[in-house]
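Good morning, and thank you for coming. I should like to take you through one structure, beginning with a single pair of residues and working outwards.

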Amino acid sequence: MPKVTIDNQTIEVPEGTTILNAARMMGGPSVPPAMCYYSSLKTSGGYCRTCIVKVTKGSEKDPRPMPKPVASCRTSVMDGMVVENITSPDLLEARAGVVEFLLINHPLDCPICDQAGECHLQDLGYENGKALTRYKFRRRTFEKIDIGPYIKLHMTRCILCYRCVKVAEQLCPGRVHGVINRGDVAEISTYITEAIDNEFSGNMIDVCPVGALTDRTFRFKSRVWFTKPMDAHRKCKTCAGKARIWLKGSEVLRVTVRKDEWGEVQRDSEGGPLWICNECRFHTKKASDWIIEGPSEISRHSVISANHYDLATLKLDVAKQRKKLEGKKVLLGEGPLNPNNV
Amino acid sequence: MNNNNPKPEFSPEAKTLVEKLMRRYPEGKQKSAILPVLHIAQAEFGGWLSVPVMDMVAEVLKIQSIEVYEVASFYSMFNLKPVGKCVIEVCRTGPCWLLGAEDIVAHFEKKLGIKVGETTSDGMFTLKTVECLASCGTAPMMQVGEDYVENLTLDKVDSFISDCRSKISEPVSHWNRKYIREHEKIKQ
Amino acid sequence: MKRLLFEHINVPGIQSLETYKAHGGYRALTKALSMKPEDIVEEVKKSGLRGRGGAGFPTGMKWSFIAKPPGVPRHLVCNADESEPGTFKDRYLMERIPHLLIEGMICSSFALGAHVSYIYIRGEMMYVYHILEAAIQEAYDAGYLGKNILNSGYDLDLYVHCGGGAYICGEETALIESLEGKRGNPRIKPPFPAVSGVWGRPTVVNNVETIAAVVPIVNDGGDAYAKVGIGKSTGTKLISACGHINKPGVYEIELGLPVEEFIYSDTYCGGIKNGKKLKAVVAGGSSVPVLPAHLILKTAAGEPRLMSYESLAEGGFQSGTMLGSGGFIVMDEDTSIVKNLWNFTRFYHHESCGQCSPCREGTGWMEKILHDFLDGHADLEDIDLLFDIQQKIDGKTICPLGDAAAWPVASAIRHFRSEFEEYVKNPSGIKDVKHYYRIHNMQPA
C-alpha cells in the first residue's frame, strides 16, 4: 500500500486512493475543501479547483515535484508522495484566489437563502476566503425557475459543480437537464420548459453545495438552525427509507438524506449511498410516518455554528472598502454593495 | 423546410448523408456524428436549430434531447434563434482588429441599419462578429456561409451588400445547402 | 533556405493527386509501408520533430507512449482545429496541398498501428473540409486508403470530422470529447490520451504541420531532418506572419532564422507597413507573452533573437516568450498595447469552456477591468489587481487555456506598465478614442 505524506503527517492508504480521500482518512485541518467532488457520484470532481494542493515530491520512483498545483480529488497518491496543503502559504493564497473567483458572481444573498447555515460556499468563504471583495462590476444574474413541482433552480447562486447533472445521469433513468451555453454564461438548464420528474430527482437538492437547487416544499419555512434534525426511517418500496427529518415542534418541515461529516450522503453497511426517493422526501411529512432513531450529528464547522467572525478585521476591511469606493462611479443599485439582486 | 413544423424531417439526400456520416464512427458511438449532423440540420432548416429540429437530431442519433441542447449551445456556429438569409460573420479578434475590423463592423451596422446580433427587417441579413477564423494574413475578413471574404475594405463591404440584395428573391436553401451538395460527391 | 513542406506549394494544380504525385508525392507512403512501424517511430524520434501546434512536445516520444493493449483499436487524430489568433498555417497547408497531410496521416497511422484515423477540422473551415474530402476520395481511388493499401496488407480508413466553433477544441482532450460528440470540455489528466483517448482507446493527437513533417522524415530519414534547423529546434517551421507588415502570409523557415531578418527581409515580412517603427511582437499566437521591439530582436543578454524554441524562450517569461504555434503578430508604433490586450482577453473570455472556476470567472473579470482602462474608469490599483488575477488563473486550471489567458496580461503589464498608467492618468488624452465611442454607441465627431 502506498504511503503519502500530507502536511508532514504520513498515512498508508489503499492503491488508487486520491490525495483528498487520503487526507479525509487522516482527518484534521489538512483536509482540503471540496465543492464539486462527491464520493458517491462517479466522475465528479476536478472542476471547482478549491481542493488544489501542492505536490512537492511525486513519488519515491519519480521524486520530481509536480509543476502546478493539482486537484487533490482527482489525483491518486503514489508511494512516497509528499503533499503540502495548509503548510504552504502559496497554496493557501492560490486557494483564496479560487474562493474569490467563486464568489465574484455569487449574489451573497445568504440572509434570504434557504441554504444558509448548511452552505458549503459559506463555509469555504469563511475558512479560506477574504472578507473584502475586489470585484466592482455588475454580478451575473439568471431568472429563477421551477424545474418541476419540487425543485427551485436559482441559477444565480450556482457554482457549476456538475453534481446535479451527475445525479440525473447516474440515479435517474433519463436526464432532462444539463449544462447549456459555455464560459461564464454556462447554466444548469432543461433548455426548454421541462419538469425534472422521476423518483430520485430530489437528491439533486442534497448534492447541491449552494442554494442553487432548493426544496420547494421547504422554501422560506424556516432557517435551518431553528429546526431539529433527527435520523429516522420508514418502510419504503423505492428506497432504503433511511432519511434525516428536520422538525420544528412536532412538524416535519423537510426531509433530506443523511449526510456525513463531509456533507455527503451517508452509506449503508455495504457502502451503498443512502439516496432517498421523492416519496420519502416530499410526501412523507407527518412525524407519525417516521420511526425516529435519535438526534442527528451535525458538523460543527459551518460558519453559522462557528459564529465568531473576527469583528475587528471585518470592520477594518469594510472601512477600507468604503474608502476605496468613495467618489467612484459605483451605483449601489447594481454594485456589489447591494445584495438585493435575487 | 418549415422550421416551425413540429415534426421536421430530413430530406432524402440529407438523410443519406447523415447515415453515411454515422457509419464513420464505431458501432454504438453514433453520438460522435452530432456536430456534422447539426451542420446538416442547420443547412436544411433555414440556418438555425429549433427545438423540434434538435429533438429530431436526438432521435436520429438515439440520444437524449438534452445532450443535443448541451452541444448545440456550446459551439458558436449553431444559431439557436432564426437568422437572415445571409449571415455575415466579421472576425473581431487580434490581427483583424489591428487592421480595422472595428471599422468594418461599424460600416456594416451603418449600412444595414442594425447592430451586431440583429437581423434586418426584410429578413435578408444577420450581422455577427466571430472569433479568429485563421485568416489573419488577409485581415480584415469575414465569413459568409462557407465562403471567406478577405482583405475587406469599406468599398468591398458596399459592393457585397448590393450584390446580396440583388439575390434576395432566391430561396433560402440556395444560401445554406452547399454543405450537402458538396458532400454528395464523396463515396465513403 | 531549405523547404521541406512547401517546396511545391506554388505548382499549379498541386491540390490534385496527379500533380502531387508527379512532384514526388506518395513516395513516403511506399517507403513507409516497406518499413517496420517501430522503425518509423524511431526515425521520427531521431528527427527531433516537436509538436507544431504550440506546446513543442517531441513527437517521437509522444508516439512511443501509446498504449498497445491487445484487441483494443488505436486511433490517430489530426488536430486541424486551428484557431489560435494569429495562426493560419494549417488552413493554408490543407487548402493548397491537401495530399501532403493525407500522406502524412497514412504514414503516421501505419507507424502507430491505427486502422481508423480522423482529421478534426474546425467547422468554420467548411470549404477546406470539402477540399480534404475530395483529396481523400482521390487517395481511396488510387488505393492509398482502404483495404490492403498498395498490397501491403495494411488497412486504413481516414475520415474528416468537422467541429462546431470552439477554440477550446484545439486542446487535445477537449478535441477528443468533441469528436465523441460532446461539449468541448477538456478532460482531467491523467489518464492521458495515449492510454485512454477517443472512446477510451489509446489515441495520439497531432497538429497538421507535425503530421505533414512526417513525410520528409520518412523520405529522407530522421537524421537528414535533424540536420536542418538549430540545436533542439530541428527542421522547418511554418510561420503565419500578420499584423502591421508589408507581406503577410505563411512562410516556411528553417528554425534558427534571426527574428530581425524575418521581420525586415523582403523574402519574408518585408518590414513594417507604411514605414512605421516596430513596437511589439506576439511571436507564437495570441497566448504567448508579448515582447517589445528591443526584446524580440535581441535577448536581454544582447544576443540576436532567433526563430527557434530555445532562443525565443531565452530569458524565461521575464524577457522571453515562446515559439508557440508560429502565429507571428507584428504591431507598429501606433498600436495600443492596452487595447490589443483587451481584445485578446475578450477572446479568451468568449472561448472559456466554463468548466473550472478560475478561467470561467477570471477571464471575464480581466476583460471588464481592461474595459475600464479603455473607458477611463480604471485607477492605478487596477494594474496590480489585473496582475494578481492573472497569477491566480495561471496554472490553476484544468487545461492550458487559463495559462493562455494569463500570459498576455502578465507580459503586457511587465513590459508596458507605463501605457496602463497613461490610460489612468490621462484618459482623455489617449490618441485613439474610437473604442470609447463605439462602446457608448456614439459617433465620433
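Please look first at chain A, where A:V53 stands opposite A:V70, a residue of strand 4. I should say at once that this is a predicted model. The strand that pairs here with strand 4 of chain A is strand 3, residues 52-57; the two are joined by two bridges and run antiparallel. As general background, strands of a sheet pair through backbone hydrogen bonds, either parallel or antiparallel.

Let us widen the view to the whole sheet of chain A. It is an open sheet of five strands in the order 2-1-5-3-4, and its pairing is mixed. Which strands stand at the edges? They are strand 2 (9-12) and strand 4 (70-71) of chain A; each has a single partner strand, so one side of each is left without a neighbour in the sheet.

Two helices lie across strands of chain A. Helix 1 of chain A, residues 19-26, lies across strand 1 (3-6), strand 2, strand 3 and strand 5 (81-84), and runs at about 75 degrees to strand 1. Helix 2 of chain A, residues 89-104, lies across strand 3 and strand 5, at about 155 degrees to strand 3.

From chain A we pass to chain B. The contact between these chains takes twelve residues from chain A and seven residues from chain B. On the chain B side, the largest share comes from helix 4, residues 65-74, with five residues. That side of chain B divides into four nonpolar, two polar and one charged residue.

Chain B also touches chain C: 42 residues of chain B are in contact with 52 residues of chain C. Which element of chain C gives the most to this side? Helix 7 of chain C does, with seven residues. Several elements of chain C each supply at least two residues, including strand 3 (157-162), helix 8 (172-179) and helix 19 (434-439). By class, the side of chain C that touches chain B has 20 nonpolar, 22 polar and ten charged residues.

Now to chain C itself. Its domain assignment gives domain 1 (17-227), domain 2 (240-332) and domain 3 (337-439). The centres of domain 1 and domain 3 of chain C, taken over C-alpha atoms, are separated by 36 Å. Their contact takes ten residues from domain 1 and nine residues from domain 3. The domain 1 side of that contact comprises seven nonpolar, two polar and one charged residue.

I shall close with two helix pairs in chain C. Two packed helices are described by the angle between their axes and the distance between the axes.

In one pair, helix 5 (residues 89-96) and helix 7 of chain C pack at about 40 degrees, with axes 9 Å apart. That angle makes helix 5 of chain C oblique to helix 7 of chain C. The contact is made by C:R91, C:M94 and C:E95 of helix 5 and C:V128, C:I131 and C:L132 of helix 7. It has four nonpolar, no polar and two charged residues.

In the other pair, the axes of helix 15 (residues 337-351) and helix 16 (residues 357-375) of chain C come within 9 Å and cross at roughly 155 degrees. Helix 15 of chain C is therefore roughly antiparallel to helix 16 of chain C. Helix 15 passes helix 16 in a left-handed crossing. Among the residues making this contact are C:W342 of helix 15 and C:F373 of helix 16. The residues of the contact divide into eight nonpolar, five polar and three charged.

Thank you for your attention.

How values were computed: Residues are numbered from 1 along each chain as its sequence is written. Chains are lettered from A and ligands numbered from 1 in the order in which they are written. This is a predicted model: local features need pLDDT of at least 70, side-chain atom pairs count only at pLDDT 80 or more; totals for chains, interfaces and linings use all residues. Domain bounds come from an automatic or database domain assignment. Ala, Val, Leu, Ile, Met, Phe, Trp, Tyr, Cys and Pro count as nonpolar, Asp, Glu, Lys and Arg as charged, and the others, Gly among them, as polar. Two strands pair if DSSP finds at least two bridges between them. Helices (H or I, at least four residues) and strands (E, at least two) are DSSP runs, numbered from the N terminus. Axes are lines fitted to C-alpha atoms, for helices over the stretch in contact, and angles run from 0 to 180 degrees between N-to-C directions. Angles under 35 degrees count as roughly parallel, over 145 as roughly antiparallel, 65 to 115 as roughly perpendicular and the rest as oblique. A crossing is left-handed if the near helix is turned anticlockwise from the far one by less than a right angle, and right-handed if clockwise.
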